[in-house]
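Here are some exercises on chain contacts, symmetry and salt bridges, each followed by a worked solution. Have the viewer open and try each task before reading on.

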Protein chains: 4
Amino acid sequence: MINSRYQDCVQACTRCAEACEHCATSCLREEDVKMMARCIQLDRDCADLCRLCAVLMMRDSEQAAALCRVCAEACRACASECAGHEHDHCQACAKACTACAEACERMAA
Amino acid sequence: MINSRYQDCVQACTRCAEACEHCATSCLREEDVKMMARCIQLDRDCADLCRLCAVLMMRDSEQAAALCRVCAEACRACASECAGHEHDHCQACAKACTACAEACERMAA
Amino acid sequence: MINSRYQDCVQACTRCAEACEHCATSCLREEDVKMMARCIQLDRDCADLCRLCAVLMMRDSEQAAALCRVCAEACRACASECAGHEHDHCQACAKACTACAEACERMAA
Amino acid sequence: MINSRYQDCVQACTRCAEACEHCATSCLREEDVKMMARCIQLDRDCADLCRLCAVLMMRDSEQAAALCRVCAEACRACASECAGHEHDHCQACAKACTACAEACERMAA
């Protein structure tokens with residue numbers, strides 16, 4: 001890692017992106033997809049933001065901290081939605097999103 | 001454009017990625033989301049592949065032609081699914097995917 | 001476009017990402033690559049941020065405006081660096097970055 | 001993981017993308033950047049392909065195996081270039097690329 005202070009946050013973003021991809025794909029296979037529509041939408045945005053956030057931290061980019069702030073907001077929104085669904089993939093995603101939001105907020109501070 | 005032979009295909013990929021994003025987001029807002037689940041899934045993959053395909057062509061990457069082949073397959077699958085739905089966003093997406101598949105197949109040949 | 005107010009900004013982001021990819025690839029082929037190192041680095045970040053910014057706007061994402069703010073900062077930094085180099089690809093990139101920064105700042109306001 | 005057979009390859013792709021980002025950023029900070037130009041270029045393509053390859057596997061996408069084949073080629077090219085440079089980041093990148101190429105080739109078979 002070029003800038004080792006980002007290490008934990010990169011890992012949290014990577015895990016969160018994986019949880020969001022898993023959740024979105026699983027939501028699309030649920031019986032009641034309509035109920036999961038907002039979850040799928042937030043998963044998509046959150047996964048994409050987490051991935052780019054991890055990349056900018058790996059590069060020690062000048063925009064890394066600012067992107068962490070946006071990423072944290074996406075994680076909070078996704079965690080809040082996922083927490084309201086009982087599916088295992090939603091519960092796991094809510095957990096990963098909360099952990100990532102906390103890590104990103106520390107970096108953005 | 002570094003390599004001008006890619007110009008038309010980059011444009012087709014850019015348009016196709018936009019049509020797929022529009023279609024996926026619109027599908028999530030339809031009354032019957034479940035019927036659109038496979039459409040949303042293919043839109044996601046196709047959009048991501050088209051975007052990276054355009055980027056690799058812009059860079060004149062050694063993997064550009066090989067990625068065009070994979071991108072064309074994703075476009076064909078997405079076009080075939082979208083063509084079966086009457087929504088305007090699906091019909092527009094099927095058209096953009098078919099045009100992109102043709103452009104990518106020319107590059108991969 | 002789901003949300004038509006984003007139309008111009010999506011186009012500015014798409015053009016800027018293309019200019020940044022072109023500039024980075026061209027910089028890597030210049031005689032004096034060392035002098036272009038910071039340019040290449042900023043091009044990479046700016047291209048990736050512009051691409052995701054366009055995607056989030058296409059999706060009418062809740063994070064679109066916030067990402068526009070970060071994207072504008074990356075565009076300003078890249079424009080400032082590129083403007084200092086005489087290469088055509090740098091001058092074209094500086095122009096695309098400035099236009100994109102202005103479009104993103106309007107969206108973030 | 002939706003499809004557990006991809007587990008190891010997703011991890012290899014994630015690690016390889018990180019190694020390539022680290023190598024590219026480090027190369028841009030080396031004394032002799034010109035000597036590293038091809039390395040930076042291959043790192044960029046390989047990182048982007050590895051990231052998308054991991055995403056498509058997470059989604060159990062129909063294009064996952066086909067993208068693994070392209071990704072393996074990018075990894076082989078990057079490994080070959082990196083192996084010729086003595087920098088620690090290049091040696092580490094060559095190792096990650098070779099491991100990822102092997103994992104992707106198993107998936108594409």
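To compare copies, chains are superposed by least squares on the C-alpha atoms of residues with pLDDT of at least 70 in both. This is a predicted model, in which local features need pLDDT of at least 70 and side-chain atom pairs count only at pLDDT 80 or more, while totals for chains, interfaces and linings use all residues. Residues are numbered from 1 along each chain as its sequence is written, chains are lettered from A and ligands numbered from 1 in the order in which they are written, and side-chain values use heavy atoms, with hydrogens and water left out.

**Exercise 1. Find the operation that superposes chain C on chain B, and compare their contact residues.**

Solution. Start with the general idea: two copies of a chain are related by a rotation about an axis and a shift along it. Here the rotation is 180°, the shift along the axis is 0.0 Å, and chain C falls on chain B with an RMSD of 0.0 Å. The two copies are therefore related as by a two-fold rotation axis. Next, look at the contact residues (contact means heavy atoms within 4.5 Å). The same surface serves both copies, since 100% of the contact residues of chain C recur in chain B.

**Exercise 2. Describe the interface of chain C and chain B.**

Solution. Begin with the residues: chain C brings 15 and chain B brings 15. Then take the buried area, which is the accessible area (1.4 Å probe) that two parts lose on being put together, summed over both. For chain C and chain B this is about 1,400 Å², with 61% from carbon and sulfur atoms.

Now turn to the charged pairs. A salt bridge is a side-chain nitrogen of Lys or Arg within 4 Å of a carboxyl oxygen of Asp or Glu. Four salt bridges cross this interface. C:Arg29 forms a salt bridge with B:Asp60, with the closest N and O atoms 3.7 Å apart.

Last, ask which elements take part. Helices (H or I, at least four residues) and strands (E, at least two) are DSSP runs, numbered from the N terminus. H1 and H2 of chain C each supply at least two residues of the side that touches chain B, and H1(C) has the largest share, seven residues.

**Exercise 3. Do the same for chain C and chain A.**

Solution. The contact takes 19 residues from chain C and 19 residues from chain A. The buried area is about 1,800 Å², of which carbon and sulfur atoms give 53%. C:Asp45, C:Arg59 and C:Gln63 supply 32% of the area that chain C buries against chain A, more than any other three residues.

There are six salt bridges between chain C and chain A. C:Asp45 pairs with A:Arg59 in a salt bridge, the closest N and O atoms being 2.9 Å apart. On the side of chain C that touches chain A, H2 and helix H3 (64-83) of chain C each give two or more residues. H2(C) gives the most, with nine residues.

**Exercise 4. Follow B:Arg59: is this residue buried or exposed, and which residues of chain D does its side chain meet in salt bridges?**

Solution. First the scale: buried means under 20% relative accessible area, exposed over 50%, and partly exposed in between (1.4 Å probe, protein chains only). B:Arg59 is buried because its relative accessible area is 3%. One partner is D:Asp45 (2.9 Å, N to O). This pair runs from the loop between helix H2 (37-58) and helix H3 (64-83) of chain B to helix H2 (residues 37-58) of chain D. D:Asp45 is also buried, with a relative accessible area of 1%. The side chain of B:Arg59 also meets D:Asp48 in a salt bridge (2.8 Å, N to O), and D:Asp48 is buried.

**Exercise 5. Contrast this with the salt bridge of D:Arg38 and D:Glu81.**

Solution. The closest N and O atoms of D:Arg38 and D:Glu81 are 3.5 Å apart. D:Arg38 lies in helix H2 of chain D and D:Glu81 in helix H3 (residues 64-83) of chain D, so the pair ties together parts that are 43 residues apart in sequence. D:Arg38 is partly exposed, at 38% relative accessible area, whereas D:Glu81 counts as buried at 17%.
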